[in-house]
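Reader: I'd like to learn how to read a model like this one, strands first and ligands after. Can you walk me through it?

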Amino acid sequence: MANKTFFVETYGCQMNKSRSEHIAQVMVQNGYHLIEDKKRADILLFNTCAVREHASEKAISNIQKTIKDLNKISRHPIIVIFGCMSQFLKNRLVQRVPGAQIVIGTSNIEQIPQYLEEYTRKKKKILDFNLPSTSQVFDERGYLRNSSQIFTFLPITYGCNNFCSYCVVPYTTGPQRSKPLLTILKEIEKIIQDGYQEIILLGQNVNSYGLDLGLKNGFEVLLQTIDQNFHDSSIWIRFLTSHPKDMRPSIVDIVKNSPLMTRYFHLPIQSGSDRILAAMNRGYTRDHYMGLVNYIRQTLPDSGIGTDIIIGFPGETERDFLDTLDIVQEAQFEQAYTYIYSSRSGTAAYQLPDQLPLAEKKKRLQLLNQTLSDIHQIKLKAWVGKRAKIMIDQIEGLNASGRTTDNQRIFLPNSNLFLGQVISVVVINTLKGKLYGELVLS
Ligand code: SAH
Ligand code: SF4
């Protein structure tokens, strides 16, 4: 297979983006060449997501269309589909995309090069839907250095034990497996050597890091050890996602006392109604959630809080929805991702009665987004005149932008800056949901 080229298309979350970087590295180590042009590749890898049906369906039609379009111009690359959607749909996906030669779930993805060899020899479809075992972590640092990116993802846990009643992730990714602390430290060392300036620690519930290794408060231990070992570096450390059930004030305290840790917490609330939170099996109440928000705001007044919200969970009444609008006002989120509930077979909520009509879900989503956008506008206006430190992470011609440690993007048109530069700026105005700033020379 020497000299064969490949292209990777990624759907879904940051964990998937990180997984694609890892697979690209595994492929390169096995003699394949990564290219940017999908049409010229000998092998197409699709890394898929199963969280919501609509997005999954769109991904399937994209893959089908890609194959059809390529066949029309007499190109017949080997099609490999892997990740959560393959794990979730298994043979149903194989039937729907008959043009795929290799379809595997979330477990044996590091074997893709061997599977490609095998396919080339035998010309027989390869399917593998084994679930990851309780010990499987992808633990050596094997990622392609992406020179246009100053940040990189670093998974610290794989899988999830929480079984929120709407969610497929525990079924598609297996039980939580934490990466050993020493491995993470070695990976960080390598990341710094590679020249990255920001690391995003990833897990479905980073706050439960280490529980499966027998560590209590393992996430605090991890953050403190990172802080001690890399205190003198200028790396920025973020982490995603904090689960409100396991988030603890001691984590906020560590962030406050460490110059490396950025001031942003992604803390998905999902719903503002205690009744719905219980039905979702989230393991916390709105009071508990607001306790965390208040602690963060008091301890780190300049921090940002982001969230995820699901609209239209089965049985969500008008009252429940108003509770969600209410907590959105109370928490004053800096960022929010909102989703319409998608019923996924195999999850506990799939069987629940009172699934809401799509039109009602859409109406509520629109109202929620309007409320969030109003809050956002006020927050953006309050930025005007403020000074902040940003790290430049995007450059297009003379236009640069970067993020503050609390994850606010600020644009600098007509500037002469370079990627990774940390600079002081003053915000001069806000336009169409964006902040614009100027360099401050101090
Ligand atoms: N582990 C993270 C979230 C991972 S999935 C957490 O618990 O917060 C990312 C987001 O997708 C979730 O926060 C949720 O808002 C959304 N999501 C998950 N399953 C969904 C479903 N069936 N329908 C709609 N949104 C869903
Ligand atoms: Fe899904 Fe809940 Fe696990 Fe997040 S914590 S991945 S929402 S089951």
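Author: Sure. This is a predicted model, and a handy place to start is strand S15 (residues 387-396), which pairs with strand S18 (residues 422-431) in the antiparallel sense over five bridges.

Reader: Which residue stands opposite Ile390 in S18?

Author: That's Ile423. Now follow S18 to its other pairing: six bridges join S18 to strand S19 (residues 434-439), and these two run antiparallel. In that pairing Val427 has Gly437 of S19 as its bridge partner.

Reader: How many residues sit between S18 and S19?

Author: Two, and the two strands form a hairpin. Check the backbone in the turn as well: Lys432 has a positive phi of about 45°.

Reader: And side chains along a strand, how do I read those?

Author: The general idea is that in a regular strand the side chains alternate between the two faces of the sheet. Keep that in mind for the next case, an open sheet of six strands in the order S2-S1-S3-S4-S5-S6, with parallel pairing.

Reader: Which strands stand at the edges of that sheet?

Author: Strand S2 (33-34) and strand S6 (126-128). Each has a single partner strand, so one side of each is left without a neighbour in the sheet. Further in, strand S1 (residues 5-10) and strand S3 (residues 43-48) run parallel and are joined by five bridges. One bridge to look up there is Glu9 with Phe46 in S3.

Reader: What lies across S3, strand S4 (78-83), strand S5 (102-104) and S6?

Author: Helix H5 (residues 112-122), which runs at about 145° to S4.

Reader: Can we try the same reading on another sheet?

Author: Yes, take the open sheet of three strands, ordered S7-S10-S11 with parallel pairing. Its edges are strand S7 (151-155) and strand S11 (236-240); each has a single partner strand, so one side of each lacks a neighbour in the sheet. From one strand to the next, the twist averages 25°. S7 and strand S10 (residues 198-202) pair in the parallel sense over five bridges, and Leu154 stands opposite Leu201 in S10. Helix H7 (residues 181-193) lies across S7 and S10, at about 165° to S7.

Reader: On to the ligands. Which residues come nearest to ligand 1?

Author: Of the 15 residues around ligand 1, the nearest are Gln204, Pro268, Gln270, Asp308 and Ser342. Next, look for polar side-chain atoms by the ligand's oxygens. A polar side-chain atom of Gln270 is 2.8 Å from an oxygen atom of ligand 1. For Arg282 the corresponding distance is 3.0 Å, and an N or O atom in the side chain of Arg52 is 3.1 Å from an oxygen atom of ligand 1.

Reader: How much of the accessible area of ligand 1 does the protein cover?

Author: The protein covers 91% of the 540 Å² that ligand 1 has on its own. Strand S13 (304-311) and strand S14 (335-340) are the elements that give two or more residues to the shell around ligand 1. By class, that shell has seven nonpolar, four polar and four charged residues.

Reader: What surrounds ligand 2?

Author: Its surroundings include Cys160, Cys164 and Cys167, along with Asn162, Phe163 and Tyr166. Gln204, His243 and Arg282 are also among the residues around ligand 2. Sorted by class, the shell of ligand 2 has seven nonpolar, three polar and one charged residues.

Technical notes: Residues are numbered from 1 along each chain as its sequence is written. Chains are lettered from A and ligands numbered from 1 in the order in which they are written. This is a predicted model: local features need pLDDT of at least 70, side-chain atom pairs count only at pLDDT 80 or more; totals for chains, interfaces and linings use all residues. Side-chain values use heavy atoms; hydrogens and water are left out. A residue is near a molecule or strand if one of its heavy atoms lies within 4 Å of it. A polar contact is a pair of N or O atoms within 3.5 Å; within protein, one must be able to donate a hydrogen and the other to accept it, and residues adjacent in sequence count only if both atoms are side-chain atoms. Accessible areas come from the Shrake-Rupley method with a 1.4 Å probe; for residues, only the protein chains shown count as cover. Helices (H or I, at least four residues) and strands (E, at least two) are DSSP runs, numbered from the N terminus. Ala, Val, Leu, Ile, Met, Phe, Trp, Tyr, Cys and Pro count as nonpolar, Asp, Glu, Lys and Arg as charged, and the others, Gly among them, as polar. Two strands pair if DSSP finds at least two bridges between them. Contact means heavy atoms within 4.5 Å. Axes are lines fitted to C-alpha atoms, for helices over the stretch in contact, and angles run from 0 to 180 degrees between N-to-C directions.
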